[in-house]
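Trainee: Could you take one part of this model and walk me through it closely? I would like to see how a single helix sits among its neighbours.

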Amino acid sequence: MDWITGIQRALDYTESHLTVEIDYEAVAKQACSSVFHFQRMFGMLCGFSLGDYIRMRRLTLAAEELMRTDCRIIDIALKYGYDTPESFSRAFLRFHGINPTHARQGGTVKSFSRLSVKLILSGGSTMDYRIEKKAPFQLVCKKKQVVKLQGDTAAEDISAFWAACRKDGTVEAICRYARFDHLGGMLGVCFSGEMSDSAFPYGIGAEYNGAPLGGEQLEIVEIPEHTYAVFQCKGKMPEAFNTTYQRIVTEFFPQSNYEYGNGVELEVYPSAEVDDPNYACEIWIAVNEKR
């Protein structure tokens, strides 16, 4: 299945299940993707999360039903996933600017149209990358469970995690057990293959040099062999990272013979000068060849 067909199937599945509880894993499967990668790709492409899309579409349909039928407000609220009239009214007011009763009386409401995928002529730009196979290695790191994937919350949590680890001496401790001769820097590691319904683990670490750990709260993680697509990222962080990752999602994967490997993603930071407008780092994404 090609990328465009997969995205459209996922959108069609979502639209057909707006009046029932939506299983994000089932949505992602329509695009032959993991939940983690589908939500990240969706957010990059659309500028809002899958959860926001579902919420706005439900509230749009609920308003239409309020105005064209005599169904009770409580019944419409339950139909579109709200347990009580109060929770429905609060969400309705935030989105439409009026409450359900005023909408039924002829008030002005908003309409959020359904998404569809259209093929347009775009591109014409170059994107440097390389494919590299890396043998298994050990990672010494500190992990944090990033709880939310929607919006910018995950990026904000990760930035705060880096700041905390620099401040409390964790980064300095990791350096005592690190080797930098292979990857060439500190690592931010997204364990995308270990994602649960609402969270994924993110680690700050480095390749392990084998020295016995002391009393630091660090762990050793075995990273299996993967084939990686490796991308250069240049500019001030995190803006440059976000721009590069958006290009990876919208330009590289749709047109290449590779897909996400559902394993790990490595951010390789050669120094701490991330505010430098000429800063250069790398993004390593585990990939598989498309069947």
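Mentor: Happily; here is a close look at helix H6 and its surroundings. This is a predicted model, in which local features need pLDDT of at least 70, side-chain atom pairs count only at pLDDT 80 or more, and totals for chains, interfaces and linings use all residues. Residues are numbered from 1 along each chain as its sequence is written, and side-chain values use heavy atoms, with hydrogens and water left out.

Helices here are DSSP runs of H or I with at least four residues, numbered from the N terminus. H6 covers residues 85–96, and its end C-alpha atoms lie 16 Å apart, which agrees with the 16 Å that twelve residues should span at 1.5 Å a residue (1.5 Å times one less than the number of residues). Buried, meaning under 20% relative accessible area with a 1.4 Å probe and protein chains only, are Ser 87, Phe 88, Ala 91, Phe 92, Phe 95 and His 96. Seen down the axis, these buried residues fall within an arc of 135°, so they line one face of H6; the arc is taken from the directions from the helix axis to the C-beta atoms. Arg 90 and Arg 94, on the other side, are exposed (over 50%).

The buried residues pack against H4 (50–68), H5 (73–79) and H7 (100–104), with contact meaning heavy atoms within 4.5 Å. Toward H4, residues including Phe 88, Phe 92 and Phe 95 of H6 meet Met 56, Leu 59 and Leu 66, among others. Just after H6, Gly 97 takes a positive phi of about 85°.

Note on methods: Helices (H or I, at least four residues) and strands (E, at least two) are DSSP runs, numbered from the N terminus.
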